[in-house]
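Student: Could you take me closely through one strand and its surroundings in this model, and then show how that part sits within the rest of the chain?

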Amino acid sequence: MKQLSGLDATFLHLETSAQFGHVSSLSVYTRPDTPDYRPYDAWRSQLQQRLHLLEPLRRRLAEVPLGLDHPYWVADAAFDLDFHVRHTAVPPPGTDDQLAALAGRLVSRPLDRRKPLWLSYVIEGLADRRFAVLTIVHHATIDGASGVELMTLMLDDSPDGGTVPPEGDPWTPERPPGDLEMLARGALGLARKPARGVLLATRTAREIGRATRNPVLVRAANDVRRSLRGPLGTVLNLGRTRPEEPDRPASLPSVRPPRTPFNGPITPHRKLAIRSTSLDVVRQVKSALGVTVNDVVMAACAGGLRTFLDRRGALPADPLVALVPVSVRTGEETDRWTNRVSMLSAVLPTDEPDPVRRVRRVHESMASSKELFSALPAERLTDFAEFPPPAVFARAMRLSARLRLGSRLSPGNLVISNVPGPRTPLYAAGARLEHYFPVSTIIEGQGLNITVQSYLDRLDWGLVSCAELLPDVDVLLADVLDELDALAAAAGVSRPAGVGGRARTP
């Protein structure tokens with residue numbers, strides 16, 4: 001058995017009847033030149049051959065009674081691949097809008113916690129000899145970086161299939177743990193938390209004191225740490241310390257976002273919009289303006305949101321606030337199938353009419369946010385998730401959902417995420433992967449998520465919205481891509497025909 005981290009368990013506790021904890025991907029493939037090729041059979045066989053490489057697919061939750069501690073993962077004794085791999089289709093003519101509508105409906109329901117927390121839908125009926133695979137995995141299992149790794153393990157790097165590494169020890173399911181065993185584990189975990197919490201708090205206080213140049217806070221934290229030196233400190237060591245950084249403290253971005261039509265109570269219903277743009281164009285824009293690819297993506301989002309909201313008479317005078325997921329993986333993790341992600345906030349200059357100045361302001365805002373983010377190591381923030389009593393935390397999350405606190409106290413207007421993906425072609429049982437559209441999640445008070453995934457020479461965009469708050473999310477995506485065209489023109493970058501803007505579909 002393997003216990004979920006506090007952050008992993010948080011994605012379980014956050015679930016309500018309208019707010020789900022799973023993230024998804026919509027992969028579009030071109031069939032090989034095989035007359036009797038069957039996408040469902042091919043995809044199921046692809047997964048069957050690689051199950052020994054895909055640990056998250058065969059494990060399910062084992063809850064600790066009374067919520068005394070975080071749940072555990074156990075190898076599912078009743079694992080059934082046919083339950084998880086499903087078959088469906090879009091009706092003729094099989095357009096990409098129909099595909100997005102179907103995917104939006106399929107992600108609008110929770111996963112069954114009695115089973116391993118994933119599903120994969122093979123979707124046929126698309127035009128041009130294509131088919132799609134919608135894979136839904138709970139966020140308690142993976143984050144964005146490990147999700148990309150999971151995808152690459154599922155696929156091949158050649159149309160011939162390549163060589164699948166052989167399985168080592170044969171996989172065996174685990175005996176389902178009994179309530180008494182889980183209670184004992186929960187009691188032991190609770191006994192260890194207080195001392196570890198003291199060490200974590202003092203280390204965090206010391207780092208905040210350094211970042212803010214507060215000698216009193218640093219001195220007090222050092223006194224506590226010295227008092228805990230010895231065997232206990234050795235056992236409870238929470239990781240490496242960071243060297244002092246002489247940089248000045250960063251300025252705080254706005255954390256009081258203005259209201260927009262998509263900042264309100266969400267429902268279970270989702271809308272999805274997908275499009276693809278040229279990665280090379282974005283890179284040329286970033287080089288011409290001296291910024292990053294992420295800056296260009298966020299500036300395009302800011303411009304598209306400005307146009308979209310202004311057209312409806314709903315553009316706030318103050319800039320929006322974007323929450324940006326940040327991976328805190330070091331490459332030294334012993335468990336890759338867990339969450340190592342944190343969040344920073346950045347001002348999104350929707351109040352700026354000039355597209356180039358929007359890019360500059362995004363760049364400055366992100367630099368400031370990153371500086372503040374680096375002042376306190378992100379692993380400290382994820383470590384703190386270990387210490388609230390799970391039963392109390394779960395109850396607090398349910399109360400928060402009933403009171404709709406996310407709609408009133410949300411720290412941001414939306415989430416914008418840019419996930420780097422493979423730069424070489426991938427295949428599934430001979431079918432070439434053409435697009436890898438992200439289908440992320442939305443939370444209470446934030447009825448919009450914009451996620452961008454790079455693959456080969458393209459950026460694949462996936463916008464997810466609450467269907468009631470933002471039913472025309474496809475129009476917003478077109479505005480965002482029009483803004484990307486405007487940025488390219490302003491930077492003197494020529495755009496390939498049919499890439500970007502309203503005319504482009506996958």
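**Strand β4 and its surroundings**

Tutor: Strand β4 is covered on both of its faces, with Y72 and V74 buried on one side and W73 and A75 buried on the other. Here buried means under 20% relative accessible area, exposed means over 50%, and partly exposed lies in between, with a 1.4 Å probe and protein chains only; strands (E, at least two residues) and helices (H or I, at least four) are DSSP runs numbered from the N terminus. In a regular strand the side chains alternate between the two faces of the sheet. The model is a predicted one, in which local features need pLDDT of at least 70 and side-chain atom pairs count only at pLDDT 80 or more, while totals for chains, interfaces and linings use all residues. Residues are numbered from 1 along each chain as its sequence is written, and side-chain values use heavy atoms, with hydrogens and water left out.

Two strands pair with β4, where pairing requires that DSSP find at least two bridges between them. Strand β1 (residues 2-3) runs antiparallel to β4 and is joined to it by two bridges, with K2 standing opposite W73. Strand β3 (residues 59-62) is likewise antiparallel to β4, over four bridges, and there the bridge partner of L61 is W73. W73 thus stands opposite K2 of β1 and is also the bridge partner of L61.

Following the chain out of β4 brings us to D76, which is placed in the loop between β4 (72-75) and α3 (81-84). D76 has 4% relative accessibility and therefore counts as buried. If residues up to four places away in sequence are set aside, D76 touches R58, R59, R60, P116, W171 and P173, a contact being heavy atoms within 4.5 Å. Of these, R59 and R60 fall within the run of β3 (residues 59-62).

A second covered strand offers a parallel to β4. In β13 (residues 431-439), eight of the nine residues are buried. Strand β2 (residues 22-30) pairs with β13 in the antiparallel sense over seven bridges, and the partner of Y29 in β13 is L433. Strand β12 (residues 427-428) is also antiparallel to β13, joined by two bridges, with Y427 opposite R432. β12 and β13 form a hairpin with two residues between them, and A429 in the turn has a positive phi of about 50 degrees.

Elsewhere, an open sheet of six strands runs in the order β8-β15-β14-β11-β9-β10, with mixed pairing. Its edges are β8 (270-278) and β10 (341-348), each with a single partner strand, so one side of each is left without a neighbour in the sheet. From one strand to the next the twist averages 20 degrees, where axes are lines fitted to C-alpha atoms (for helices over the stretch in contact) and angles run from 0 to 180 degrees between N-to-C directions. Within this sheet, β14 (residues 448-455) and β15 (residues 458-466) are antiparallel and joined by eight bridges, Q453 standing opposite D460 of β15. Helix α15 (residues 473-490) packs on the sheet, where it touches β8, β14 and β15, and its direction makes about 20 degrees with that of β8. In the edge strand β10 lies S342, which at 11% relative accessibility counts as buried; its C-alpha is 9.5 Å from that of L7, although the two are 335 residues apart in sequence.

The largest cavity, of about 70 Å³, has a lining that includes H22, V439 and R270. By class, that lining has five nonpolar, four polar and one charged residues, with Ala, Val, Leu, Ile, Met, Phe, Trp, Tyr, Cys and Pro counted as nonpolar, Asp, Glu, Lys and Arg as charged, and the others, Gly among them, as polar. A cavity is a set of points on a 1 Å grid over the protein atoms alone where a 1.4 Å probe fits but cannot get out, and lining residues have an atom within 4 Å of a point; points are joined across faces, edges and corners, and the volume is the space filled by probe spheres set on them.

For the whole chain, the secondary structure comes to 15 helices and 15 strands, and buried residues make up 54% of the 506 residues.

Conventions
1 Å grid on protein atoms, 1.4 Å probe; cavity = no way out; pocket = protein on both sides within 12 Å on 5 of 7 lines; lining within 4 Å.
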